[in-house]
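Student: Could we go through this model together, one question at a time?
Tutor: Happily! Have a look at it first.

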Amino acid sequence: MSHPAQTTDATHRLVPAPAGRLHLAEQGTGPLVLLVHGFPESWYSWRHQLPALAAAGYRAVAMDVRGYGRSSRPEAVDSYRMPALVEDNVAVVEALGERSAVIVGHDWGATIAANSALLRPDVFRAVGLLSVPYTPPGGPKPSEVFAQLGGPDEFYVSYFQQPGRAEAEIEPDVRGWLAGFYAALSADTRPAADAPDPHFVGPGGTLRDRFPTGRLPSWLDESDLDVYAGEFERTGMTGALNRYRNMDRDWADLADHTGAPLTQPSLFLGGALDASTTWLADAIKAFPATLPGLRSSQVLDGCGHWIQQERPKETNELLTGWLASLPSPESA
């Protein structure tokens, strides 16, 4: 098990960014690899990757995304639209004195990484996507798609999109809610196949009603949960949830890129027991067209959503193997 004390080799710093500041945890020297977390996490979700990438000869930098942790949390909901997050990532590269980076993201971080590579190919020379496959911009308006899912139940994204609603559920017991959410999407603690789906809210209910209780997933111990809960107890949940509240804005902002492939060298890692992998199976099948630079695509058997924490050794091996296959920054 990893404990916070084991991450003390990382150097923490704040760098200037369009929204104010971004918090970074950095380890190692060499070509820059920027690690972007998802919901509801922080830089700490990369605690197993920072030392492994450093040992492999890379400058590994895990950030707190805008709205999370020690990074700035602007109040306006539209401050969390995708182009603003891409600008943050560019600002990190510049603040570190680098001209280019490999960007790797998990969950929402995968979507942020993909769009960073799409909008700024001059900065992001390769892109790694964990758990959420690339889907090019375009298609129907997201809010209309989500509204059609689940019959009488409400899809969690629609639930999250209403300001204040999920906060009212989560913030009275951040630690307990996070424990249940992490367990619901983990291979070893997820609800049985015939249980109500924890991605949906029943009529008049809360998301938490369907979370498993009683034990933490094997990848998460009490001290890890302390780190995550401590950050969200301090910051509240609004900055994190505002990402979901911009999906229609993103759809409009990225309309000029409808159908665009990501041409940089790419990597996809998913979990076979992760809804992100199964629901988006068609997106994975489309990779020959949407990710023409794909060098490695792996779906790990028996793995849930929190891939780099559930299966750190395999993730580290696949990541470092892919990184070693990339052209050097000088020749890219």
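**Questions about the fold**

Tutor: P40 sits in the loop between strand 3 (32–36) and helix 1 (49–55). Helices (H or I, at least four residues) and strands (E, at least two) are DSSP runs, numbered from the N terminus. This is a predicted model, where local features need pLDDT of at least 70, side-chain atom pairs count only at pLDDT 80 or more, and totals for chains, interfaces and linings use all residues. Residues are numbered from 1 along each chain as its sequence is written, and side-chain values use heavy atoms, with hydrogens and water left out.

Student: Is the peptide bond from F39 to P40 cis or trans, and what is omega near?
Tutor: Find P40 in its loop, between strand 3 and helix 1. The bond that joins F39 to P40 is cis, with omega near -10°.

Student: Which residues have the most contacts inside the largest nonpolar core?
Tutor: A nonpolar core is a set of buried Ala, Val, Leu, Ile, Met, Phe, Trp, Tyr and Cys residues joined through side-chain atoms within 4.5 Å. Buried means under 20% relative accessible area, exposed over 50%, and partly exposed in between (1.4 Å probe, protein chains only). In soluble globular proteins, nonpolar side chains tend to be buried together. Here the largest core has 99 residues, and those with the most contacts inside it are F39 and F160.

Student: Where does D107, a residue that F39 touches, lie?
Tutor: A contact means heavy atoms within 4.5 Å, and F39 touches D107 by that rule. D107 is buried, because its relative accessible area is 11%. D107 also has a positive phi of about 60° although it is not a glycine. Its place is the loop between strand 5 (101–106) and helix 3 (108–119).

Student: Why does the pair W43 and Y44 count as edge-to-face?
Tutor: The structure holds 24 aromatic pairs. Rings of Phe, Tyr and Trp (its six-membered ring) pair if their centres lie within 6.5 Å; planes under 30 degrees apart count as stacked, over 60 as edge-to-face and the rest as tilted. For W43 and Y44, the centres are 5.6 Å apart and the planes stand at 85°, so the pair is edge-to-face.

Student: Which side chain of opposite charge is nearest to D274?
Tutor: D274 is in the loop between strand 9 (266–271) and helix 11 (275–279). Lys and Arg count as positive and Asp and Glu as negative, while His and the chain ends are not counted. Although buried, D274 has no salt bridge (a side-chain nitrogen of Lys or Arg within 4 Å of a carboxyl oxygen of Asp or Glu). At 8.7 Å away, the nearest side chain of opposite charge is R190.

Student: What is the relative accessibility of S131, which D274 touches?
Tutor: S131 lies in the loop between strand 6 (124–130) and helix 4 (142–147), and has a positive phi of about 80° although it is not a glycine. S131 counts as buried, because its relative accessibility is 0%.

Student: Which helices do the buried residues of helix 7 pack against?
Tutor: Helix 7 (residues 174–184) is mostly covered, as nine of its 11 residues are buried. Among them are W177 and F181, which F39 also touches. The buried residues of helix 7 pack against helix 5 (156–161), helix 6 (165–170) and helix 8 (222–235).

Conventions: Lists of a residue's contacts leave out its neighbours within four places in sequence.
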